[in-house]
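This report describes the fold and selected local features of the structure shown below. The account begins with a hairpin and proceeds to the sheet, the helices, the core and individual residues.

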Amino acid sequence: MGVYVSLEMGKYNLWYHKWAGGDKFDEYNVKEKSQTRCVLATDTGYTRADGGNNKYICLFFARGCCPYGQDCSYLHRLPPKESKLPDAARDVFGREKFSNYRDDMGGVGSFLRQNRTLYVGRLNESVRGGKEGEMEDMILRHFEEFGEVEKIRVLHGRGVAFVTYISELQAQFAKEAMMHQSLDHDEVLNVRWATEDPNPTSKEEELARLKRVGEEGIAKRLPPELVRHIRQLDDLEGLNDGLVGEGSDDEDGAPPAKRARIEAAPAPLKSVAGAAATKEKPNALGSLADYGSDDEE
């Protein structure tokens, strides 16, 4: 299901933004260098969006070819790493995301995953020197212009690198800004979204990072006074384990409610049954006093 527009090269689905049949034009396989490039030092400036409610960046500004300049209705600046968009289902340019990535890992991306890593292909390693880390330094010098880079991994001999940003929004900006650009040589970069790292260590680190970011976000929104009252209620109900010497007079620091539950354990079943058989019943009947236990002799 979709809306199709028939062209000579096939049909283009306007709903899924994909070609169906025919010889399609693949922008990610183009090996012609882009004629424009975003230079933040000279291209950044105020536009009509600064006085309005538009929080999205101009896509053509990121590519270095916005024809409207100060009259543009989108922002002409690099998104700060702490910035948040009004709609998480859109990218930094206001384009709608999809549930799944494209087969070639290009396009806008998916709203089901926070992707901060870019795949950078077609690196020219034939002219690099023999110094260790030279390729990493060159990639960092070009990509850190569009945001703070967390790490870079280069697959030497394959002409491929993976660039991870601190901010997902800056990664989205850098993907469009560095597409079809060159580094220090005449290569034409192929920049796409990176697939999920199958390394278990990387998955654990990403999960821990998302958990830390979530906890920090919740802590910022909750007032300290509310947190203190919640802690006091939990202490009264015995829901907190407590700290040593805090809210308890016990030497081991256990909360009173928790320690009361531990110490109030029922007596052994054997002793209860023995007391009922040897003491309570003979005293009640009187005539059976001669059947006492051996302990009374």
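Strands S5 and S6 form a hairpin with 4 residues between them. Within the turn, Gly157 has a positive phi of about 90°. The pairing of S5 with S6 is antiparallel and extends over 6 bridges, and Leu155 stands opposite Val160 in S6. The model under discussion is a predicted one.

**The sheet**

The hairpin belongs to an open sheet of 4 strands, in the order S5-S6-S4-S7 and with antiparallel pairing. Strand S5 (149-155) and strand S7 (190-193) stand at the edges with a single partner strand each, so one side of each has no neighbour in the sheet. On average, and ignoring direction, neighbouring strands of this sheet are turned by 20° against each other. At the S7 edge, strand S4 (residues 117-121) is joined to S7 by 4 bridges, and the two run antiparallel. In this pair, Val120 is placed opposite Val191 of S7. In a regular strand, side chains alternate between the two faces of the sheet.

**The helices on the sheet**

Two helices lie across strands of this sheet. Helix H3 (residues 134-143) crosses S4, S5 and strand S6 (160-165), and runs at about 135° to S5. Helix H4 (residues 168-177) lies across S4, S6 and S7, with a direction at about 150° to S7.

Which residues of H3 are buried? They are Met135, Met138, Ile139, His142 and Phe143. These residues cover an arc of only 120° around the axis, which puts them on the same side of H3. The general geometry of an α-helix is relevant here: with 3.6 residues a turn, residues three or four places apart point the same way. The buried residues of H3 pack against S4, S5 and S6.

**The nonpolar core**

The largest nonpolar core has 41 residues, of which Ile139, Phe143, Phe146, Tyr165 and Phe173 touch the most other members. Two or more residues of this core come from each of helix H2 (59-62), S4, H3, S5, S6, H4 and S7. Helix H4 gives the most, with 5 residues.

Tyr165 illustrates these contacts. Not counting residues up to four places away in sequence, Tyr165 touches partners including Leu118, Phe143, Phe146, Val149, Ala171 and Ala174. Its contacts also include Arg116, Glu148, Glu150 and Gln170.

**Buried polar side chains**

His142 is found in helix H3. With a relative accessible area of 10%, which is under the 20% limit, His142 is classed as buried. Its side chain makes a polar contact with the side chain of Asp184, at 2.8 Å. Leaving aside neighbours within four places in sequence, His142 is in contact with Arg37, Met178, Ser182, Leu183 and Asp184.

Lys175 lies in helix H4 and is buried, with a relative accessible area of 2%. A polar atom of the Lys175 side chain lies 3.3 Å from the backbone oxygen of Gly107.

**Loop residues**

Where does Met105 lie? Met105 is in the loop between H2 and S4. Although not a glycine, Met105 has a positive phi of about 60°. His180, located in the loop between H4 and S7, likewise has a positive phi, near 65°, in a residue other than glycine.

Pro80 is also placed in the loop between H2 and S4. In sequence, Pro80 and Ser167 are 87 residues apart, while their C-alpha atoms are 8.3 Å apart in space. Leaving aside neighbours within four places in sequence, Pro80 is in contact with Ser167 and Gln170. Gln170 is also among the residues touched by Tyr165.

The accessibility of the individual residues discussed above is given in the table.

| Residue | Relative accessible area | Class |
|---|---|---|
| Lys175 | 2% | buried |
| His142 | 10% | buried |
| His180 | 13% | buried |
| Met105 | 14% | buried |
| Pro80 | 45% | partly exposed |

Terms used: Residues numbered from 1 in each chain as written. Predicted model: local features only at pLDDT ≥ 70, side-chain atom pairs only at ≥ 80, totals over all residues. Heavy atoms only, no water. Pairing = 2+ DSSP bridges. Axes fitted to C-alpha atoms, helices over the stretch in contact; angles between N-to-C directions. Contact = heavy atoms within 4.5 Å. Buried < 20%, exposed > 50% of the residue type's maximum accessible area, 1.4 Å probe, protein only. Arc of directions from axis to C-beta. Core = buried A, V, L, I, M, F, W, Y, C linked by side-chain atoms within 4.5 Å. Polar contact = N/O pair within 3.5 Å; in protein donor to acceptor, adjacent residues only side chain to side chain.
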